[in-house]
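Good morning, and thank you for coming. I would ask you to keep the sequence and the structure in view while I speak.

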2 protein chains.
Amino acid sequence: MTDSTAGSPEAAEWDLIVIGAGAVGENVADYATKGGLKVVVVEDELVGGECSYWACMPSKALLRPASALLAAKRVAGASSAITGELDVAAVLERRSSFTSEWNDASQVEWLDGAGIDLVRGRGRIVGDRRVDVTQPDGTVRTLTARHAVALCTGSVPTIPPVEGLAEAKPWTSREATSATEIPSSLAIVGGGVVAAELATIYRALGAEVTVIVRSRLLGTLEDIASERVQKSLEDSGVRIVTGSPSSVHRGEDGRVTIALGEDEAPVEADEILVATGRHPATEGLGLEDIGVNPKDLRVDDSLRVAGVHGDWLYAAGDVNGRALLTHQGKYQARAAGLAIAARAAGTLSSAPSARPEPWSDYAATADHEHVPSVVFTEPEVATVGLTSVAATEAGYPVRVVDYDLGSIAGAAVHADGYSGAVRAVIDTERRIILGMTFVGQDVSEMLHAATIAVVGEVTLERLWHAVPAYPTMNEVWLRILETERYA
Amino acid sequence: MTDSTAGSPEAAEWDLIVIGAGAVGENVADYATKGGLKVVVVEDELVGGECSYWACMPSKALLRPASALLAAKRVAGASSAITGELDVAAVLERRSSFTSEWNDASQVEWLDGAGIDLVRGRGRIVGDRRVDVTQPDGTVRTLTARHAVALCTGSVPTIPPVEGLAEAKPWTSREATSATEIPSSLAIVGGGVVAAELATIYRALGAEVTVIVRSRLLGTLEDIASERVQKSLEDSGVRIVTGSPSSVHRGEDGRVTIALGEDEAPVEADEILVATGRHPATEGLGLEDIGVNPKDLRVDDSLRVAGVHGDWLYAAGDVNGRALLTHQGKYQARAAGLAIAARAAGTLSSAPSARPEPWSDYAATADHEHVPSVVFTEPEVATVGLTSVAATEAGYPVRVVDYDLGSIAGAAVHADGYSGAVRAVIDTERRIILGMTFVGQDVSEMLHAATIAVVGEVTLERLWHAVPAYPTMNEVWLRILETERYA
């Protein structure tokens, strides 16, 4: 399958070229390699990608010290031992150690160990299975793939077209997760996950935080989640303003003024963070030249891009817009890597019309209605599958069952005055759970039980026999099932 | 179904008599009541039982402040805020609030609200569906059941026949969980869950602790669990001595000396706790009179006792010896309560040979090979289903897959230097998980995912699509599945 020069960085031809060496690109490459292919990845920033350096890892690392301290403060007998404050410098230093000080040496080493080649530079598709890489020294190198090219370029923050905003050089999640000092005040524009998490973090680290949100905070989640997170942020001192910036101005003193239209006083802050969403990074990849609209990239469940002559292009992770979450991108990467390898080996049909079997190794079936997600706020929000609104809109016969997590013995022992909520969205015909939402301190590790129940399509009647250990917070499962039966 | 006097404590006849008003008895009564029966429970101690007052709740409440504080100490940025020590008096006070100061008023209120009658006193079976209750004032009252009697009397600690031990008036778990002060030194005889948990608690609360264990600590669990808990206890200053007491003596100063035979120096301590196991509380219930051997009580999966003429006797919870765990007893209680009500209604066969359908509402099927359990030590141990040894002995085609929990990004963020382990026991033919063990800080809430996977018999191929959210510790599921495929 390989010629004598393939399999080394000096080669010109590989089985698979992966553009983008974030977690998703690494996994496409790894799984294809495990399937017997020779693979090269092309990366023009740090190997390891957004999640490792400017998203999940640093943001979780920034939050954990505050949440661990808060958890201890909430337990009589432990709280009196805490007399000091969070050490912000130590928190930032710990964060930086998790990003390896933004050095990708260990990730490069991992690629090497996995037998994957790396070419540094910016990749662009220039023809059938052909990628030009503009290298750091400006030279251009042409790579050729025998079987496939996979786009794993992720997403970029969307900066809304507000007067003066771009000129004010706002922070995006990158600057916010890699900051080396905490501004006295921070204005956050946006109301999604990134806005909510960074508001939580910056407030915990001592900043005055104002969130400017168009409508409802975390508006796509169940109301039990958005309402509780909003209240908790407000209780912690975060100001939440409903509105949209009409203009932004950064003064000579560096401070930022955000006008909100005529009815609302402007917001002033030392720094402004734009968290109004992200969009797939499809620009500059040469997609137009092969007949693909960069603003409308479509993939099937094997992550193969539709409408490409010869069907050799794949797109996994944020770049395809299916689910902008690291873990879901990695899931797609496993399906894509295995599908590419199986098609190269001839064990999976390559026909343009061939669709992989749902729930097989080659299909990212869970992307559609089985996606898990955690919002690391205080309280945490952990959710999988369909919300009650989405399930109803999709036409399922839905029953919603709510339970007060704070009334569970395990929660009461976990924290004094524990407050939390759980919602299950049930398909009353198939008797399975379509979606589940947990809100409360330390619920993030409770999510996977729901993910297995939802993905495994385990019936309520069988879940009845899955006994939660006492006294854990998971006893809420029993209460949800009892409520479904008797209430 | 009921006569005019039934349904009040003054009645003489009910549909069901439940002996024992612990969590198990309460649930048998509740589920039978939901099924339309009139029920009375008989209790000679506190309504709520062992778990509420002298086991799960107080022990978890005693441990939580220490574990919350330890968790915060393990995170740089948070640790420096902790300058004080655990406030032992506050810990004991918090524990006492969880046991309602050993007052059962709220539990009695719950019974009342659920429409269940209560008769206080010691119950004894005196004939077919007939129970004599010796009341607190010494009078005896006879209760009659139209359909069934359920024994839910739990278990009692086993005191081994060691010379001087009984005379030394040792602590059992009751005294240890309800103590109002912490002895300077505590010797614990036994190496099971109670011994390990109470060693963890008393060490955390400042006592010098010595554990005297016959062979291996937590010997029935996977070695990854027992070894890690033993090492952690030793690192915290607990002394673990292998041996068996040959005699015990409490001196006039109140101190206890435990001789361990000729080769080992005796252990001295201010207090001694016997935690060498428990046995079903079947004495004094009149079982012999109806032809049942109290030392060999056998039940089917509807919890109906074998060999009773008329098949009207049930036994749920510790008393039947199937699984000495509160949550599993409550699970049995649900099956028993529903089965009793269904048989009374004629919707479930009462024939002696009739066995309820496995995994139906009327069968405690999970008791056999699907039992979850958490050991609240430091690290925690959470386990469900069969261990590798038990699965192999049962003849399953077994593969064991281990993964280092500390290497998961979510664990590293959770605590600096996180140390933990996960083991999955896989049926290589059916491609399902037979058992799973988690060891590490805060793994208790990770267990239910495994319980659902094991009970739901979800295949590894479908679990592949149950994506763990990043960065949570549950990412270990992905690593376990990858290891199973590729290692």
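Let me begin with a definition: two residues are in contact if their C-beta atoms, placed from the backbone, lie within 7 Å. Angles, in turn, run from 0 to 180 degrees between N-to-C directions. With that settled, please look at helix α7 of chain A, residues 193-204, which lies across β8, β9 and β14 of chain A and runs at about 165° to β9(A). I should say at once that this is a predicted model.

The sheet beneath that discussion deserves a description of its own. It is an open sheet of four strands in chain A, in the order β10-β9-β8-β14, and the pairing is parallel. Its edge strands are β10 (239-242) and β14 (271-274) of chain A, each of which pairs on one side only. From one strand to the next, the twist averages 20°. Within the sheet, strand β8 (residues 185-189) and strand β9 (residues 208-213) of chain A are joined in the parallel sense over five bridges. Ala187(A), for example, stands opposite Thr210(A) in β9(A).

As to the wider layout of chain A, the domain assignment gives domain 1 as 13-48 + 104-156 + 280-367, domain 2 as 173-276 and domain 3 as 379-486. The C-alpha centres of domain 1 and domain 3 of chain A are 36 Å apart.

I turn now to the contact between the chains. Chain B contributes 69 residues to it, and chain A contributes 69 residues. Several elements give two or more residues to the side of chain B that touches chain A, among them α3, α4 (88-98), α9 (326-345) and α15 (476-486) of chain B. Which element supplies the largest share of that side of chain B? It is α3(B), with ten residues.

That helix merits a closer look. Helix α3 of chain B, residues 56-73, has 18 residues and reaches 25 Å from its first C-alpha to its last, close to the 26 Å expected at 1.5 Å a residue. It nevertheless bends by about 30° at Arg64(B), and a proline, Pro65(B), follows within four residues. Why may we call α3(B) largely enclosed by the rest of the structure? Because 16 of its 18 residues are buried.

Chain B also offers antiparallel pairings. Strand β20 of chain B, residues 421-427, is mostly covered, with six of its seven residues buried. Strand β19 (residues 398-404) of chain B pairs with β20(B) in the antiparallel sense over seven bridges, and here Arg423(B) is the bridge partner of Asp402(B). β20(B) also pairs with strand β21 (residues 432-440) of chain B, again antiparallel and over seven bridges; the partner of Asp427(B) in β21(B) is Ile432(B). The hairpin of β20(B) and β21(B) has four residues between the strands, and Arg431(B) takes a positive phi near 60° there.

Finally, chain B contains an open sheet of three strands, β11-β12-β13, with antiparallel pairing. β11 (247-250) and β13 (267-269) of chain B stand at the edges with a single partner strand each, so one side of each has no neighbour in the sheet. Direction ignored, neighbouring strands of this sheet are turned by 15° against each other on average. Four bridges join β11(B) to the antiparallel strand β12 (residues 256-259) of chain B, where His249(B) stands opposite Thr257(B).

Key. Residues numbered from 1 in each chain as written. Chains lettered and ligands numbered in written order. Predicted model: local features only at pLDDT ≥ 70, side-chain atom pairs only at ≥ 80, totals over all residues. Expected span 1.5 Å × (residues − 1). Bend = angle between axes of the 7 residues up to and from the residue. Buried ≥ 20, exposed ≤ 12 C-beta atoms within 10 Å, placed from the backbone. Pairing = 2+ DSSP bridges. Domains from an automatic or database assignment.
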